[in-house]
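Biologist: Could you take me through one part of this model up close, the packing of a helix pair? Set the scene with the whole chain, and then add whatever else helps me find my way around.

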Amino acid sequence: MEKDKEVTNEEERPVEVDERALTVIELNASTVSRGLTDDFANDNLLGKVVHSEEEAYTLYNEYAYEKGFSIRKAKSRYYEGTRLIRQKEYVCSKEGFKEDPAPSETPSYNRLDVRTGCKAMIRFTVKDDEWKVTHFIAEHNHELASIEERHLLRSARNFRRLKPHQPNSAEALPMTTENTGFVQRDQNPTSEQNLMFIEGGDAQSLYQWFKKKKNDDIMFFNDVQFDQEGRVTNFFWCDGRSRIDYGYFGDVVIFDTTYRINKYNMLSAPFFGINHHRAKVMFGCAFLLDETSTSFIWLLKSFLEAMGNMSPRTIITYQDDAALIQAVDEVFSDTCHIISPWHMVKKASSHLPILYPNPTFAELFRKCVQNCNTEAEFEGTWQRMVEEYDCKNHPWLKTIYRDRQKWSTAFSKNAFSCGIVSSQRNEYVDIFGGISTSKITSLTRFALEVDELVARWRDSELKLNFRCKQGAPPLVIKKSSICQQAAQIYTHKIFELFEQEYLEGVGALRSTDLGSSGTLCTYRMVGDMDDQKEYTVNFDSSTLNVSCSCRKFESMGILCSHCLSCLHMKNVNVIPHQYILKRWTKSARDRVSNHDLMETNRRDIEVEYHAEMMRWAYDMIMRSQKSPIMRILMRDNFRHIDQELKRVEADLELDVTNNAQASGISGKRKKNATNESSKSRKIDERTLDNTVQTNVHANMAFDIVNLNQGSIDLSAAPFYPFSPQYIQHSHFTAQEAAEQFQRNN
């Protein structure tokens with residue numbers, strides 16, 4: 001008698017696949033979003049037959065790779081009294097749940113909890129050396145890996161999927177040394193006699209590289225500045241991915257002008273930001289001949305143009321140069337400009353060679369830069385420093401004091417900076433540390449190395465995204481609902497920071513109730529190990545609004561330990577939704593419209609709309625080109641969108657025509673009815689206008705309503721090209737769309 005007998009239909013017929021039918025792919029959006037390819041388009045392995053255990057594992061592993069999940073071996077059943085396999089099962093790697101470690105075991109805080117209880121599995125039954133699939137579950141309860149992430153799947157590590165060959169761009173570029181008259185500057189930037197010509201090979205080679213990038217990437221942007229004699233002086237470039245990334249993480253821009261490269265002593269000036277993993281993301285790069293305000297203004301305007309004229313909330317620079325400050329103030333007039341505090345501390349030793357070695361002076365200076373909680377505290381500390389050391393008239397100190405609002409954290413607590421300014425570690429300097437800056441390095445070679453560096457950044461982000469999808473980070477306090485919520489929504493890096501704040505808040509703070517008024521309560525928070533710093537927390541129980549004088553949420557975007565301590569005391573076990581910043585979540589790259597599409601009062605609405613939709617379409621096109629099915633989906637839906645746009649255009653033209661006719665009829669009636677009262681005349685006109693509008697709307701495929709009647713959010717309409725409703729139901733009829741629009745409005 002056989003062991004572990006189960007009730008399964010081993011004689012179930014295999015699914016027959018019509019190979020010709022595969023050429024006509026009819027898949028809905030939800031199927032394609034799971035990343036299926038035409039190798040397994042039928043999504044069913046039931047009835048498949050192989051002839052060995054190795055072939056069985058390979059079959060399911062190949063299937064899993066194409067779908068986007070990892071597998072592991074599960075149960076094996078044997079014929080009684082032998083080691084011959086009767087049944088073999090393989091399951092999704094997320095099958096089951098992680099067991100809590102025994103009290104005597106030391107838990108691992110680095111291993112992800114990847115189990116979700118997924119039921120996907122396959123069972124092979126062995127008979128007469130045939131391994132036949134007799135039980136198969138295809139559905140998963142978790143997100144599947146995207147095409148670009150599949151090589152990271154654990155069970156796919158043995159695959160050797162070669163990527164398309166990408167030739168080295170430098171191999172195809174001419175490296176001539178012909179002198180074509182481009183400006184070059186020698187090591188001495190102050191001597192006009194040292195100005196000479198940039199070697200033509202460098203400028204021409206860089207220009208050819210720009211052309212190649214433009215051919216490969218339709219959103220690649222580059223700009224060149226010339227001097228009065230028509231010679232090239234400055235370069236700026238960014239690729240399409242950088243422009244896309246700016247739309248997600250361009251709220252804070254870091255502009256670094258501290259690098260000098262090659263024999264021309266040119267500045268290499270990168271623009272970069274911080275993504276949702278608190279890792280660097282490139283927005284663009286430039287080569288500058290000099291550090292004049294003219295060059296900086298040109299560069300910042302080129303950058304702004306490349307980014308659709310959308311200014312960042314905050315720009316952080318590593319220089320206190322007057323020309324740069326002037327350029328930022330002129331181009332980014334509505335942007336908060338912060339000079340890196342780390343830069344100020346670093347420059348102090350060179351500008352104050354006698355004073356700064358004194359430990360007491362250095363401590364006072366660093367406090368002014370980074371450790372003053374209020375503006376009043378800054379002013380008091382500064383006055384004490386300059387008076388005690390008689391340096392009130394020191395030229396550099398006088399200069400930087402005028403710009404104190406830009407470099408002292410006492411003035412920038414309310415400015416969002418991703419936590420960079422308040423960080424005690426300088427994590428975002430020396431980004432070009434691994435790139436050669438020797439005199440023999442050509443401009444093109446440096447640009448290529450920057451390109452390779454950015455590719456490594458993006459590959460690192462891909463791996464971090466994949467890791468976030470695979471499982472939740474380990475929790476120090478497993479039964480905390482607020483920590484569980486944070487682990488689900490935040491990326492792992494941000495969750496680590498949040499958990500650190502939470503643990504400090506509930507275990508390392510002492511609070512004092514300062515009183516309450518209605519629903520508003522006020523507390524004073526003091527650290528157990530630091531009795532000098534006090535923070536005031538206000539909490540409103542009616543709205544769950546909480547604020548702290550440390551301003552951590554305003555500057556970094558996560559709640560501080562003081563606020564979390566207050567929420568804990570008030571038995572608030574979730575993060576209030578108003579304190580979940582999307583840019584730190586796992587869904588930070590989910591597309592959301594930045595403005596009301598029907599707003600007509602904004603001067604640059606058309607420019608912003610054009611830039612946003614170009615980026616959106618580019619992003620989808622780049623993602624879809626990796627799969628034949630995704631390309632078919634894009635073509636099908638763009639074709640349908642084009643048809644609906646033409647229909648709406650025709651209806652709008654009809655609306656305008658009928659309104660014009662109605663105006664003519666109304667004017668004629670007014671002329672013929674001069675003896676009627678004003679009140680009766682208005683009633684007739686209103687009745688006629690309503691009749692015309694009713695007739696127009698009856699003929700419209702989509703009831704858009706007269707646009708002059710008010711602002712309507714078309715993003716909720718089923719025919720809006722990229723709304724969730726449209727993607728899920730991409731083949732609405734006109735009547736269905738009109739009915740859906742009426743329900744939504």
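**A helix pair and its surroundings**

Modeller: Sure, starting wide: among contacts in the chain between residues at least 6 apart in sequence, 63% join residues at least 24 apart. Keep in mind that this is a predicted model. The chain has 745 residues, and 46% of them count as buried. Its secondary structure comes to 21 helices and 19 strands.

Now for the pair itself. Two packed helices are described by the angle between their axes and the distance between the axes. Here the partners are helix H13, residues 481-489, and helix H14, residues 492-507. Their axes come within 9 Å and cross at roughly 165°. Angles over 145 degrees count as roughly antiparallel, and H13 and H14 are therefore roughly antiparallel to each other. As for handedness, the crossing of H13 and H14 is right-handed.

What do H13 and H14 bring to the contact? On the H13 side you'll find Ile482, Cys483, Ala486 and Ala487, and these meet Phe495, Phe498 and Tyr502 of H14. Sorted by character, the residues of this contact are seven nonpolar, with no polar and no charged ones.

Let's step back along the chain to helix H7, residues 341-351. Its buried residues are Pro341, His343, Met344, Val345 and Ala348. The cover over them includes strand E15 (336-339) as well as helices H8 (359-371), H10 (395-402) and H11 (404-407).

Just follow the chain on from H11 and you get to the loop between H11 and helix H12 (443-470), where serine 412 is found. Is serine 412 buried or exposed? With a relative accessible area of 7%, serine 412 is buried, because the cut-off for buried is under 20%. Leaving out residues up to four places away in sequence, serine 412 touches Ile338 and Val421.

For a contrast, look at the loop between strand E4 (121-127) and strand E5 (130-137), which holds aspartate 128. Aspartate 128 has a positive phi of about 55° although it is not a glycine. Aspartate 129 sits in the loop between E4 and E5 too, and its phi is near 65°, again a positive value in a residue other than glycine. Aspartate 128 is exposed, at 70% relative accessible area, and aspartate 129 also counts as exposed, at 63%.

One last landmark comes from a record: an unreviewed UniProt entry lists residues 535-571 as "domain: SWIM-type". In the model that span is 38% helix and 27% strand, and its end C-alpha atoms lie 20 Å apart.

Definitions and conventions:
Residues numbered from 1 in each chain as written. Predicted model: local features only at pLDDT ≥ 70, side-chain atom pairs only at ≥ 80, totals over all residues. Heavy atoms only, no water. UniProt positions renumbered as here; feature names shortened; annotations may be inferred. Helix = DSSP H or I, 4+ residues; strand = E, 2+ residues; numbered from the N terminus. Axes fitted to C-alpha atoms, helices over the stretch in contact; angles between N-to-C directions. Parallel < 35°, antiparallel > 145°, perpendicular 65-115°, else oblique. Left-handed = near helix turned anticlockwise from the far one by under 90°. Contact = heavy atoms within 4.5 Å. Nonpolar A, V, L, I, M, F, W, Y, C, P; charged D, E, K, R; others polar. Buried < 20%, exposed > 50% of the residue type's maximum accessible area, 1.4 Å probe, protein only.
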